[in-house]
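Let's take a walk through a protein model together. Keep the 3D view open and turn it as you read.

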Amino acid sequence: MAAPPPPRPEVESLQAYSAPLEGRRGLLRLDFNENTVGPSPKVVEAIRAIPADQYAIYPEYDGLREAVLASLAATPGTIAIEQVGLFNGVDAAIHAVFQAYGALGDRLLTTSPTFGYYTPCARMQGMAIEAIPYRLPDFAFPFEEMLAALSGPLSGAAESWCPPRLLLLCNPNNPTGTRLAPETVLALAAAAPHTLVVVDELYEAFTGDSVLPLLLGPGGQQDPEGQKPGIAAATAAGADAAPETAALAATAGVDPFAACPNLLVLRSLSKTAGIAGLRIGFAIGAAAVVDRVSRVTGPYDINSFAVTAAFAALADQAYVDAYVAEVLEARQWLVERLEAAGVRHHVDGGNYLLIWPKRPAAEVDQALREAGILVRSMAGKPLIDGSLRVSLGTLEQMGRFWAAFEICDANPG
Ligand SMILES: Cc1ncc(COP(=O)(O)O)c(C=O)c1O
């Protein structure tokens, strides 16, 4: 009997990455860390204005990289166009990174728990995965363990040792919110010159610490809490490990990636600008790395709607800033309620926090769903099993969540 050829063994043993994405319409969606109010009206207007004949032609990307650079407030000539890659969401950029760099038997180094898509991407390449746990009780970044894993054995087996091919750092980390000082990211990149260090900055606009301001030096982007690049960051974990790396980066005038050609920064418009459904993400790094990662993507992977939406979203930074400010206010409000009620929780970077209900998490998850509110169960995740990840939205939405949570966590059945 005729049979199709078997797929690659890595694919045959792969479990598809599945997320509970169906049946979410009409509910208060606090389960995917999305923007909870939708994009700027200017984005909606721009999409509506696309003439129908444009649907018939392949998308054009002219000027989009420049618009990304302008949104980073880069001093002219600092980041070059070739240092920006465009992708069908950061997920597609992550996939492309693994396709371009991860070969059978290579090692992926990352943390645990972290964003779930890194693992299947590594597995489909046949890579070995080493995930170093965050440190309890407060999910601190395991800097020394990471450095040791990147540096290799001091003696003995040193000859047969190979550095990890890829280091994936989610900063701030989804789902623990752990923040990593940009100096620490640069220190790790400097300590591992033969490893591609990918820093996934999907949530940095909420409460996070991007490496880009440090690489760009004065005049680069600032974070929404108004901190100067590097100053607040210098107080975070591991920062004192890398003073010379920070100095090196800050002086980079022309090519910010000259000192760290093995660093790739991922950014997206999904969570901040509210266009997760349209799919667009960016990878910023040394031109050679961006080139290799872009080689494994199709020529028209980003559709015309996403391009139009991205131009409009990037041009309306005020809308994103106002949304981020509202989320941070709502975060403060919710944390005060949790503290006053004595509910165990963990909050750090990003637009989400972890809550350990008093009742079993699965029951509270289900009761909230019945009340029209979706959150994400962390069941089975190392270190945070039994918690719920709750995305942060507006004050009004957090008010609705809290009112429902208090009832669901108090009443059995
Ligand atoms: C850490 C992290 N990286 C990447 C993604 C995917 O982003 P995008 O929508 O740009 O593909 C997500 C989405 O949840 C995420 O949490």
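First stop: proline 120. This model is a predicted one. Leaving out residues up to four places away in sequence, proline 120 touches Leu14 and Tyr17. Its C-alpha atom is 7.5 Å from that of glutamine 15, even though proline 120 and glutamine 15 are 105 residues apart along the chain. Proline 120 itself is part of helix H5, which covers residues 118–124. Is proline 120 buried or exposed? Proline 120 counts as partly exposed, because it has 17 C-beta neighbours inside 10 Å, and a buried residue needs 20 or more.

**The big picture**

Now zoom out. The protein has 15 helices and 13 strands. It has 413 residues, and 45% of them are buried. If you look at contacts between residues at least 6 apart in sequence, 75% of those contacts join residues at least 24 apart.

**The core**

In soluble globular proteins, nonpolar side chains tend to be buried together. Here, the largest nonpolar core holds 104 residues, and Val97, Val197 and Val198 touch the most other members. Where does this core lie? Domain 1 (22–38 + 319–410) and domain 2 (42–315) both contribute residues, so the core lies between them.

Try clicking on valine 197. Not counting residues up to four places away in sequence, valine 197 touches Leu167, Leu169, Leu188, Ala189, Ala192, Asn262 and Leu263.

**Around the ligand**

There is a ligand to find too. Which residues come nearest to the ligand? Out of the 13 residues around it, they are Gly89, Val90, Asp91, Ser268 and Ser270. Sorted by class, the shell around the ligand has 5 nonpolar, 6 polar and 2 charged residues.

**A four-stranded sheet**

Strands of a sheet pair through backbone hydrogen bonds, either parallel or antiparallel. One open sheet in this model has 4 strands in the order E9-E10-E13-E12, and the pairing is antiparallel. Strand E9 (344–346) and strand E12 (376–377) are the edge strands, each pairing on one side only.

Here is how the neighbours line up, with one residue pair for each:

| Strand pair | Bridges | One residue pair |
|---|---|---|
| E9 and E10 | 3 bridges | histidine 346 and leucine 354 |
| E10 and E13 | 4 bridges | tyrosine 352 and serine 391 |
| E12 and E13 | 2 bridges | serine 377 and leucine 388 |

In a regular strand the side chains alternate between the two faces of the sheet. You can see this in strand E13 (residues 388–391): Leu388 and Val390 point one way, while Arg389 and Ser391 point the other way. All of these residues are buried, Arg389 included.

**Some backbone oddities**

Most residues other than glycine have a negative phi, and most peptide bonds are trans. This model has some exceptions worth hunting for.

Start with the prolines. The peptide bond from serine 112 to proline 113 is cis, with omega near -5 degrees. You'll find proline 113 in the loop between strand E3 (107–112) and H5, the helix that also holds proline 120. Another cis bond runs from asparagine 171 to proline 172, with omega near -5 degrees. Proline 172 sits in the loop between strand E5 (166–170) and helix H7 (182–191).

Then check phi. Phenylalanine 139 has a phi near 60 degrees, a positive value in a residue other than glycine. This residue is in the loop between strand E4 (128–133) and helix H6 (143–151). Phenylalanine 139 counts as buried because it has 21 C-beta neighbours inside 10 Å. Leucine 383 is not a glycine, but its phi is positive as well, about 75 degrees. Leucine 383 is in the loop between E12 and E13, and it is partly exposed because 17 other C-beta atoms lie within 10 Å.

**Tyrosine 134 ties it together**

Which residues does tyrosine 134 contact, leaving aside its neighbours within four places in sequence? The list is Thr111, Phe139, Ala140, Phe141, Pro142, Thr176, Thr178 and Leu383. So both of the residues with a positive phi described above, Phe139 and Leu383, are in contact with tyrosine 134.

Tyrosine 134 lies in the loop between E4 and H6. It is partly exposed because 19 other C-beta atoms are within 10 Å, and the cut-off for buried is 20 or more. The C-alpha atoms of tyrosine 134 and proline 382 are 9.6 Å apart, although 248 residues separate them along the chain.

How values were computed. Residues are numbered from 1 along each chain as its sequence is written. This is a predicted model: local features need pLDDT of at least 70, side-chain atom pairs count only at pLDDT 80 or more; totals for chains, interfaces and linings use all residues. A residue is buried if 20 or more other C-beta atoms lie within 10 Å of its own, exposed if 12 or fewer, and partly exposed in between; C-beta atoms are placed from the backbone. Two residues are in contact if their C-beta atoms, placed from the backbone, lie within 7 Å. A residue is near a molecule or strand if its C-beta atom, placed from the backbone, lies within 6 Å of it. Ala, Val, Leu, Ile, Met, Phe, Trp, Tyr, Cys and Pro count as nonpolar, Asp, Glu, Lys and Arg as charged, and the others, Gly among them, as polar. A nonpolar core is a set of buried Ala, Val, Leu, Ile, Met, Phe, Trp, Tyr and Cys residues joined through C-beta atoms within 7 Å. Domain bounds come from an automatic or database domain assignment. Two strands pair if DSSP finds at least two bridges between them.
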